[in-house]
Amino acid sequence: MIVVHHLNNSRSQRVLWLLEELGIEYEIKCYERDTETMLAPESLLNVHPLGKSPVITDADLTIAESGAIIEYVVERYGNGSLVPAQGTPEHLLYRYWLHYAEGSAMPPLVMRLIFNNFGIGDSKAMDGFIAPQIKLHFDYIEGELSKSTWFAGEEFTAADIQMSFPLEIFAGVPEQVENRPKIKEFVDRIHGRPAYKRTLDRGGRYDVSF
Ligand SMILES: N[C@@H](CCC(=O)N[C@@H](CS)C(=O)NCC(=O)O)C(=O)O
């Protein structure tokens, strides 16, 4: 059975949600962030050398990195669910957003988090690079979400689950979505999904509005 090594308020929420959407049985092993540093506890290093979450174990396999976990789960257990058919334009979009979430959307958000946490929010880097990059990416996402209901077309896919984390962080600052209704609608829509609600019941409190 899949064991999800789940860190509070983290990307592992997406993995729990994916498993709930697919109706797959799983176990959760919970880890708590250090309240000062926000780092994961050292015990996660026993699961994977980077000590980050998400990481799953499935029999003798250990798999880290959200995108790789999502691909593994849908391929191994999904029976075709949550993935557009191969060779379709939707599948290309699916793959694009699956990579874009961590490869492009998250870096400026993480940079802002680090700059703010270290009290260097007014720096040249923040005003000259980080803030404009966040605007660029989220204006782009807003535009893409005006073209279709979900990221890869009219059907909900695992790419929407992967994109949820950057969008939830972004929408956690209400002023940022005042003029970006599509992002707000997306976040409201995913929060209304029964599987998402079950994830909160099982995974515990989830707050990524930083
Ligand atoms: N790109 C990786 C990022 C993994 C990551 O940085 N996870 C964060 C939680 S959202 C973490 O474990 N932070 C605690 C730490 O670095 O100690 C993924 O998507 O899995």
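Which backbone oxygen does the side chain of Ser148 reach, and at what distance? In this predicted model, the side chain of Ser148 reaches the backbone oxygen of Trp150, and the separation is 2.7 Å. The points below take up the surroundings of Ser148, then the ligand and the residues around it, then the loop that holds Met38 and Pro54, and finally three residues of helix α3.

**The loop around Ser148**

- Ser148 belongs to the loop that runs between helix α4, residues 124-145, and helix α5, residues 158-171.
- With a relative accessibility of 15%, Ser148 counts as buried, because the cut-off for that class is under 20%.
- Apart from residues up to four places away in sequence, Ser148 touches Gly153 and Glu154, while its side chain makes the 2.7 Å approach to the backbone oxygen of Trp150.

**The ligand and its surroundings**

- The space that the ligand takes up is the largest pocket, and of the 13 residues around the ligand, those that come nearest are Ala40, Lys52, Ser53, Glu65 and Ser66.
- Two of these residues approach the ligand through the backbone: a backbone N or O atom of Ala40 lies 2.9 Å from a ligand oxygen atom, and a backbone N or O atom of Ser53 lies 2.8 Å from a ligand nitrogen atom.
- Glu65 approaches through its side chain, in which an N or O atom is 2.6 Å from a nitrogen atom of the ligand.
- Taken alone, the ligand exposes 510 Å², and the protein buries 84% of that area.
- Glu65 is found in the loop between strand β4, residues 61-64, and helix α2, residues 66-77, and its phi is near 80°, a positive value in a residue other than glycine.
- Computed on the protein chains only, the relative accessible area of Glu65 is 49%, and this residue is therefore classed as partly exposed, since exposed would require over 50%.

**The loop between β2 and β3**

- The peptide bond that leads from Ser53 to Pro54 is cis, with omega near 10°, and Pro54 has its place in the loop between strand β2, residues 26-31, and strand β3, residues 55-58.
- Met38 also lies in the loop between β2 and β3, and its phi is near 70°, which is a positive value in a residue other than glycine.
- At 38% relative accessibility, Met38 counts as partly exposed.

**Three residues of helix α3**

- His91 lies in helix α3, which spans residues 89-117, and it is buried, with a relative accessible area of 7%.
- When residues up to four places away in sequence are not counted, His91 touches Val83, Pro84, Ala85 and Gln86.
- Ala101, also placed in helix α3, is buried with a relative accessible area of 0%.
- Leaving aside neighbours within four places in sequence, Ala101 is in contact with Met106, Gln162, Met163 and Pro166.
- Of these partners, Met163 is 62 residues from Ala101 along the chain, yet the C-alpha atoms of Ala101 and Met163 are separated by 5.3 Å.
- Ile114 is likewise found in helix α3, but this residue is partly exposed, with a relative accessible area of 41%.
- Between Ile114 and Arg180, which are 66 residues apart along the chain, the C-alpha separation is 24 Å.

Key. Residues are numbered from 1 along each chain as its sequence is written. Side-chain values use heavy atoms; hydrogens and water are left out. Helices (H or I, at least four residues) and strands (E, at least two) are DSSP runs, numbered from the N terminus. Buried means under 20% relative accessible area, exposed over 50%, partly exposed in between (1.4 Å probe, protein chains only). Contact means heavy atoms within 4.5 Å. A residue is near a molecule or strand if one of its heavy atoms lies within 4 Å of it. A polar contact is a pair of N or O atoms within 3.5 Å; within protein, one must be able to donate a hydrogen and the other to accept it, and residues adjacent in sequence count only if both atoms are side-chain atoms. Accessible areas come from the Shrake-Rupley method with a 1.4 Å probe; for residues, only the protein chains shown count as cover. On a 1 Å grid over the protein atoms alone, a cavity is a set of points where a 1.4 Å probe fits but cannot get out, and a pocket is an open set with protein on both sides within 12 Å along at least five of seven lines; lining residues have an atom within 4 Å of a point. A molecule sits in a cavity or pocket if more than half of its atoms lie within 2 Å of its grid points.
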